[in-house]
Each structure stands twice: as structure tokens, then as C-alpha cells.
Amino acid sequence: MTVRGGAAAIGRPGLADVYEARRRIAGTAVRTPMVPSPFMTRRTGHDFLLKLETTQPIGAFKLRGAANAILRLPPDTRGVVCCSTGNHGRGVAYAAAARGLRAVVCMSALVSKAKVEGIKALGAEVQIVGRSQDDAQVESSRLCRDEGLVEIPPFDDFHVIVGQATIALEMLEDRPDLTCLLVPLSGGGLAAGIALAAKAIKPDIRLIGISMDRGAAMDASIRAGRPVEVEEVASLADSLGGGIGLENRLSFALCRDLLDEVVLVTENEIYRAMQVLYFEDRMVAEGAGVVGLAAVLFGKVTLPSGPVGTVITGRNTDMAQFTNVISGRDVTLDGVTVKGVPYAA
């Protein structure tokens, strides 16, 4: 029997669950700063705020959900397992190590070497399986079944979702006047969590999910009205890759019901946004962390009046690739070339 970190039969999470998650993860995940971007503020005419999940101990927001799921496990837990495109695996590895638990992270061959090595450095075992997150999920489920490990899903899990939702609590406590949140969108754990908390606190806030334009599984699923499979391809926003699971229980419905809009950005637009964040705000971030900037910079969204916030989700990028981006050089992604352009404001 497959054992998961979440609860399959419990209902949709609510705001009380988010506050409980915040109490549980305090001391493992940190409250991250939200800072203004003077460049994006000038560019948009709105106060434009960056929620820096890059400052988490693992360099990414995923620690929140992973810690919330792992810290609630019983004392006799033998170990945990997950599939990951990188940052969820780091979160699981870090939180498991803090509890003295064995951790196994299953990843596809598309995951960068930098992310694989980062997870190993935190003490987890890594299994490379296939060329998609779905392939890695099969191995994760096998280890759960055959070795008695508890599976910590990367996004479609009650406790993971409410852990990620704590980001929205902090953003709206720091700036109650926020009118719009731009949220990177993949399997939907982050977007679902932020949306459920933000809409509960401030129902009229606008929530926009943003993904890359190739292999955007949640966008394709929302358009189809049901979870669908997509081909996973290499991307500068590699953390947004992978499917949402055809038997998705929570994150699909939450994103479908609570996001006001979903928009897609190209690899060239992500490339440019990485440059903007680096040269204008002096920050290193993964491609997945800058899709909110990309959507605004290239006119993909119409912002309401008032302050706008986006989540800079992680900094665990392949630094050789990142150096090529900020240097204006071409980047090749599994046979597809993103043409380099030197940065100019």
C-alpha cells in the first residue's frame, strides 16, 4: 500500500490549516524578506515587491511544504521518499536530516547536475530515473511500497500545500495593501497554497499563475478541464517542469478555482528577466523564480492599481548556465538554443 505524507481523504485545506503549518515549521523554514524592486516599480508605475524565498536555508520556498509534511510524521517513521525537479528534493533532504530520517529523492535525467549534487550534499540518496518527473514518480511510489518509506509529494498534498501557503501570510502581513500576486506555476503546490490563503484573507486580490510556454502542465490541464499529460522539455525554468498527475487530488482544483488568470512566457522572456533581476536588483535566481517579472516586462499581464508582489522562488540555478545568461551568450536546452542578448536596460 502506498503511504503518503498527506491525507487523501481529508478535505480542501483552509486558513486555519495554514496558521497551524506556520507554527509547525517555525525554526526550520525562516520568515523571508519582501523587498521593493526600484527598477520594476519605475517600469510598471506600481510598488513592485519581491518575496525572497531565495533566503531559505535550502535557497528555495520548497522547504516550507516539505518541512510541514515531515515534521508531522510519527516517531517510528522509517524514512521518506519523493520525486523532484530539484528544490522539493532539497527541502525533503534538509527536513529529513533535521529529524534524523533516511531520505531518497527520485529525479529525471533532465534535472541539472547542480541540483543533484546539492541534494546529495544534504545527505539524501538520489535515484535518477527516466526523462520526466512522471518517470521519477513511478520509482518514488515503488520505494514507498516496497521499502516502507513515506512519500512526500512535491505539490499535490494537503500538508505541502498549506506549508507553501505560509508565504501568502507573510506577504499580506508585510503589505496588506497588495492588490495582485504573480506566482510561478508548475504542479500547483505553491500557487494553490498562496491562492487559498490570499483569497481567504483578501478575497478581491488578483492571483496570476505564470509558467513557461513549453510543457506547462497546469495550464494545459485547466484549459482541458481535467489533469492531462504533457511532454516535459528542458527549460531555463526547469523547476516548473513535469506533470501534475492524472489522479491529482488537490492542487489542480485549487488552481482552477482560485487563480484569476494563467499566462505563459517564452524562454527568451525568461532569459531577459533573469538578466533584469541580476543587473537591476543584484540578485541570482533560477529561471522559474523570475517568470513573474517576465510576464510583466513583456506585457503578458494587465496589473490592477496598487502594489504588486511576486515570489522569487529559488536560487539553486546551474551557475555555468546562469553565467551564460547574464553574459548575453547563447544557451542550449536539450537541442533548443535560446539566442543570447547582452543586457541593456
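The lining of the largest cavity has nine nonpolar, 13 polar and two charged residues. That cavity is where this tour starts, in a model that is predicted.

**Stop 1: the centre of the largest cavity.** Select F61, K62, S186, S239 and L240. Of the 24 residues that line the largest cavity, these five lie nearest its centre. The space in this cavity comes to about 260 Å³.

**Stop 2: the helices around the largest cavity.** Select residues 87-99, which form α4, and then residues 189-201, which form α8. Each of these helices supplies at least two residues of the lining. Which helix gives the most to this lining? Helix α8 does, with three residues.

**Stop 3: the second cavity.** How many cavities of 30 Å³ or more does a search of the whole structure find? The search finds two. For the second largest, select L185, S186, S211, G215, A216, A217, M218, D219, L240 and G242, the residues that line this cavity. Its volume is about 30 Å³. S186 and L240 are already familiar from the centre of the largest cavity, and both are also in the lining of the second largest.

**Stop 4: helix α9.** Select residues 217-224, which make up α9. This helix gives the most to the lining of the second largest cavity, with three residues.

**Stop 5: colour by class.** Keep the lining of the second largest cavity selected and colour the residues by class. Five are nonpolar, four are polar and one is charged. Then return to the lining of the largest cavity and do likewise: nine nonpolar, 13 polar and two charged residues should appear.

Notes. Residues are numbered from 1 along each chain as its sequence is written. This is a predicted model: local features need pLDDT of at least 70, side-chain atom pairs count only at pLDDT 80 or more; totals for chains, interfaces and linings use all residues. Side-chain values use heavy atoms; hydrogens and water are left out. On a 1 Å grid over the protein atoms alone, a cavity is a set of points where a 1.4 Å probe fits but cannot get out, and a pocket is an open set with protein on both sides within 12 Å along at least five of seven lines; lining residues have an atom within 4 Å of a point. Grid points are joined across faces, edges and corners, and a volume is the space filled by probe spheres set on the points. Helices (H or I, at least four residues) and strands (E, at least two) are DSSP runs, numbered from the N terminus. Ala, Val, Leu, Ile, Met, Phe, Trp, Tyr, Cys and Pro count as nonpolar, Asp, Glu, Lys and Arg as charged, and the others, Gly among them, as polar.
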